[in-house]
Amino acid sequence: MSFDTLGLLPELLRAVSEQGYEVPTPVQAQAIPIILQGRDLMAGAQTGTGKTAAFTLPMLQRLAHHGNTSSSPARHAIRALVLTPTRELAMQVEESVRTYGKYLPLRSTTIFGGVNINPQTAALRKGVEILVATPGRLMDHYQQGNLHFGNLEILILDEADRMLDMGFIRDIKKILALLPPGRQNILCSATFGGEIRELATSLLHNPANVDVAPRNTATSLVKQMILPVDRGRKRELLSYLIKMRPMEQVLVFTRTKHGANHLSDQLEKDGIKSMAIHGNKSQPQRIKALEDFKAGSIKVLVATDIAARGLDIDQLPHVVNFELPHVPEDYIHRIGRTGRAGTEGEALSLVCVDEQKLLKDIEKLLKKDLPKQVIPNFEPDPSIKAEPIVMGRGGQSRGPRPGGRPGGGHSSTRTERSSPHSQPRTRTSPRGK
Ligand code: AMP
């Protein structure tokens with residue numbers, strides 16, 4: 001995915017590309033379209049996720065689209081307010097507003113405590129559309145009559161959890177009481193404790209939720225995530241994730257050899273260096289694939305369960321289940337490829353409507369539900385009905401299914417024999433050295 005698909009104005013795209021950003025981060029991909037629609041949003045995102053651009057870009061666009069920009073000094077007419085817990089964050093956010101808004105005729109300033117109030121007052125009197133402020137100093141200005149909120153269209157609370165930790169809740173409540181109804185509200189927080197939820201309930205109307213850092217209750221070092229997606233769009237989603245995050249050294253599991261070959265070819269077409277590794281490959285081919293993977297010239301290894309069992313690959317950062325295994329225990333083997341030796345790993349599973357029963361079986365074995373995240377633009381189409389998975393383990397047909405879908409996960413015609421001795425064991429450690 002690129003920034004062009006998010007519906008942003010050319011002026012903003014230009015500023016973004018000047019920053020050298022090529023693809024939106026997950027919080028940007030998810031939050032930007034929602035904010036552009038004018039919806040309230042609760043965003044779970046920490047510093048470093050690209051959250052600032054995620055709310056700044058659509059905020060600028062909404063201000064540019066609606067209402068009068070700054071032909072007159074428009075004294076006191078603040079149209080967007082960003083509250084932050086600290087002076088440093090206020091300065092950073094306003095810097096981003098300037099950077100991304102450089103081709104739009106919108107003015108901004110920042111106000112925070114601990115410095116002389118007069119230059120801030122002068123800046124406010126000249127007129128700004130966007131104000132980035134810490135709560136205490138904002139109240140001071142309000143009480144001095146330096147600003148009013150009658151035209152406010154957008155309110156953003158950045159790092160709301162920190163604001164509450166720092167004891168700003170009373171100021172925030174006072175400020176909220178001064179704001180006009182009918183505005184758009186965005187709440188950004190890295191954590192969602194009781195107080196934040198309370199604030200969210202009183203502040204947000206029918207909010208959308210975006211959470212790019214879902215907290216996993218498991219103590220395991222493997223972060224597991226189910227990504228619901230249509231069977232025909234799995235390959236597209238996988239390429240998107242590998243490029244966008246970006247992901248290096250990914251071990252991808254398919255159920256069949258044919259599926260592994262097919263997927264690997266398609267990833268190559270998407271410009272992702274990849275290799276299939278399974279029992280039909282010769283030993284020298286397998287060793288070469290592993291060495292290239294270790295050296296980084298191959299990013300993705302696509303493997304079947306049996307082939308992967310023969311590989312002693314340690315400490316992989318990412319395992320992706322392109323298809324869920326028929327045998328729930330295989331899921332545990334697969335994800336055990338990551339999160340070893342004290343390093344964190346993640347296991348993503350692309351799950352389509354056909355695989356709900358397989359997912360249930362895995363969750364039953366794990367004795368917990370796995371967290372699910374729908375990736376924007378890959379929302380499953382609810383009209384697509386479940387179909388039987390054609391070939392299962394050991395080449396047994398599980399029922400007819402018309403026509404394979406390229407990249408769809410079930411286009412296989414043959415399944416690898418399930419003998420753990422079908423391959424020689426090959427040792428390597430891609431992260432090593
Ligand atoms: P933030 O989480 O907003 O503090 O942003 C963290 C860092 O990521 C900042 O230095 C941004 O300049 C940078 N950044 C934001 N969006 C992107 C993007 N789409 N691609 C690359 N870097 C980005």
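Which residues are around the ligand? In this predicted model, the surrounding residues are Phe3, Tyr21, Val23, Pro24, Thr25, Gln28, Thr47, Gly48, Thr49, Gly50, Lys51 and Thr52. This shell divides into 4 nonpolar residues, 7 polar residues and 1 charged residue.

Polar atoms of the protein meet the ligand at several points. Tyrosine 21 uses its side chain: a polar atom there lies 2.4 Å from an oxygen atom of the ligand. Valine 23 uses its backbone instead, with an N or O atom 2.9 Å from a nitrogen atom of the ligand. The backbone also serves at lysine 51, where a polar atom is 3.3 Å from a ligand oxygen. On its own, the ligand has 490 Å² of accessible area, and the protein covers 65% of that area.

Another part of the model is built around a sheet. This sheet is open and consists of 6 strands. Their order is S8-S14-S13-S9-S11-S10, and the pairing is parallel. Strand S8 (222–228) lies at one edge and strand S10 (274–277) at the other. Each of these edge strands pairs on one side only. From one strand to the next, the twist averages 20°.

Within the sheet, strand S9 covers residues 250–253 and strand S11 covers residues 300–303. The two pair in the parallel sense over 4 bridges. In one of these pairings, valine 250 has valine 300 in S11 as its bridge partner. A helix is packed against this region. Helix H11, residues 257–269, lies across S9, S10 and S11. The helix runs at about 175° to S10.

Key
Residues are numbered from 1 along each chain as its sequence is written. This is a predicted model: local features need pLDDT of at least 70, side-chain atom pairs count only at pLDDT 80 or more; totals for chains, interfaces and linings use all residues. Side-chain values use heavy atoms; hydrogens and water are left out. Two strands pair if DSSP finds at least two bridges between them. Axes are lines fitted to C-alpha atoms, for helices over the stretch in contact, and angles run from 0 to 180 degrees between N-to-C directions. Contact means heavy atoms within 4.5 Å. A residue is near a molecule or strand if one of its heavy atoms lies within 4 Å of it. A polar contact is a pair of N or O atoms within 3.5 Å; within protein, one must be able to donate a hydrogen and the other to accept it, and residues adjacent in sequence count only if both atoms are side-chain atoms. Accessible areas come from the Shrake-Rupley method with a 1.4 Å probe; for residues, only the protein chains shown count as cover. Ala, Val, Leu, Ile, Met, Phe, Trp, Tyr, Cys and Pro count as nonpolar, Asp, Glu, Lys and Arg as charged, and the others, Gly among them, as polar.
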